[in-house]
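Work through the exercises below with the sequence and the 3D structure open. Each task is followed by a solution in steps.

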Amino acid sequence: MARPAGSANKDKPFRDAIRMEAQLAESGEETPAPKGSLRWIARQLLIRAGEETAAAREIGDRLDGKPAQAIIGGDDDDPAVQHVHKIERVIVTSGGKAE
């Protein structure tokens, strides 16, 4: 059954597979998952993460979520974010009307 548009996707099977395989690996157990399964792929990724930064980053992104990207401009002449400040002075008389 499809989830409603705009609802949060709480079902994360690959994240769950990584967690299960990490627990087994911590206790020194081999994976019971058959070759090619999601858990087997997760175990292979955990093995590679010990030597490859990209694999370690992938695991971190899956478990903790990807870090937010900063919004930056191309250069000083063309900033992506511009702040506009406006100061307005209003003089109010004792009758409550602005001049």
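The exercises concern a predicted model and go from the overall fold to single side chains.

**Exercise 1. Overall layout**

Task: State how many helices and strands the chain has and in what order the elements run.

Solution.
- Step 1. The chain contains three helices and zero strands.
- Step 2. Read from the N terminus, the order of elements is α-α-α.
- Step 3. The chain has 99 residues, and 13% of them count as buried.
- Step 4. Its accessible surface is about 8700 Å², with 51% belonging to carbon and sulfur atoms.
- Step 5. Of the contacts between residues at least 6 apart in sequence, 30% join residues at least 24 apart.

**Exercise 2. The nonpolar core**

Task: Find which residues form the largest nonpolar core, and which elements give two or more residues to it.

Solution.
- Step 1. The core has seven residues, namely F14, A17, I18, A42, L45, A55 and I59.
- Step 2. Two or more residues of this core come from each of α1, α2 and α3 (53-64).
- Step 3. Helix α1 supplies the largest share, three residues.
- Step 4. Take A42 as an example of the packing: beyond residues up to four places away in sequence, A42 touches F14, A17, I18 and E21.
- Step 5. As background, nonpolar side chains in soluble globular proteins tend to be buried together.

**Exercise 3. A salt bridge between helices**

Task: Describe the salt bridge between E21 and R43, and say whether the two residues are buried or exposed.

Solution.
- Step 1. The side chains of E21 and R43 meet in a salt bridge at 3.0 Å, N to O.
- Step 2. This pair links distant parts of the chain, with E21 in helix α1 and R43 in helix α2, 22 residues apart.
- Step 3. E21 and R43 are both buried.
- Step 4. The pair belongs to a network of salt bridges that links E21, R39 and R43.
- Step 5. The structure holds six salt bridges.
- Step 6. In general, side chains of opposite charge can pair when their charged atoms come close.

**Exercise 4. A loop threonine**

Task: Locate T31, explain why T31 counts as buried, and list its polar contacts.

Solution.
- Step 1. T31 sits in the loop between α1 (13-26) and α2 (38-49).
- Step 2. T31 counts as buried because its relative accessibility is 19%, and the cut-off for buried is under 20%.
- Step 3. The side chain of T31 makes a polar contact of 2.9 Å with the side chain of E21.
- Step 4. A polar atom of the T31 side chain also lies 3.2 Å from the backbone nitrogen of A33.
- Step 5. Not counting residues up to four places away in sequence, T31 touches E21, L24, W40 and R43.
- Step 6. Compare with Exercise 3: E21 and R43, the partners of the salt bridge, are among the residues that T31 touches.

**Exercise 5. Helix α3 and R62**

Task: Compare the length of α3 with the expected span, then describe the surroundings of R62.

Solution.
- Step 1. Helix α3 has 12 residues and reaches 16 Å from its first C-alpha to its last, close to the 16 Å expected at 1.5 Å a residue.
- Step 2. Just after α3, G65 takes a positive phi of about 90°.
- Step 3. R62 and E58 both lie in helix α3, four residues apart, about one turn of the helix.
- Step 4. Their side chains meet in a salt bridge of 2.9 Å, N to O.
- Step 5. R62 counts as partly exposed because its relative accessibility is 40%; E58, at 29%, is likewise partly exposed.
- Step 6. Leaving aside neighbours within four places in sequence, R62 is in contact with F14, R15 and I18.
- Step 7. F14 and I18 are also members of the largest nonpolar core.
- Step 8. R62 and R19 are 43 residues apart in sequence, and their C-alpha atoms are 9.9 Å apart in space.

**Exercise 6. An exposed pair**

Task: Give the N to O distance between E88 and K86, and explain why each residue counts as exposed.

Solution.
- Step 1. E88 and K86 form a salt bridge in which the closest N and O atoms are 3.6 Å apart.
- Step 2. E88 is exposed because its relative accessible area is 56%.
- Step 3. K86 is exposed because its relative accessibility is 70%.
- Step 4. The cut-off for exposed is over 50%.

Terms used: Residues are numbered from 1 along each chain as its sequence is written. This is a predicted model: local features need pLDDT of at least 70, side-chain atom pairs count only at pLDDT 80 or more; totals for chains, interfaces and linings use all residues. Side-chain values use heavy atoms; hydrogens and water are left out. Buried means under 20% relative accessible area, exposed over 50%, partly exposed in between (1.4 Å probe, protein chains only). A polar contact is a pair of N or O atoms within 3.5 Å; within protein, one must be able to donate a hydrogen and the other to accept it, and residues adjacent in sequence count only if both atoms are side-chain atoms. Contact means heavy atoms within 4.5 Å. A nonpolar core is a set of buried Ala, Val, Leu, Ile, Met, Phe, Trp, Tyr and Cys residues joined through side-chain atoms within 4.5 Å. Accessible areas come from the Shrake-Rupley method with a 1.4 Å probe; for residues, only the protein chains shown count as cover. A salt bridge is a side-chain nitrogen of Lys or Arg within 4 Å of a carboxyl oxygen of Asp or Glu. The expected span of a helix is 1.5 Å times one less than its number of residues.
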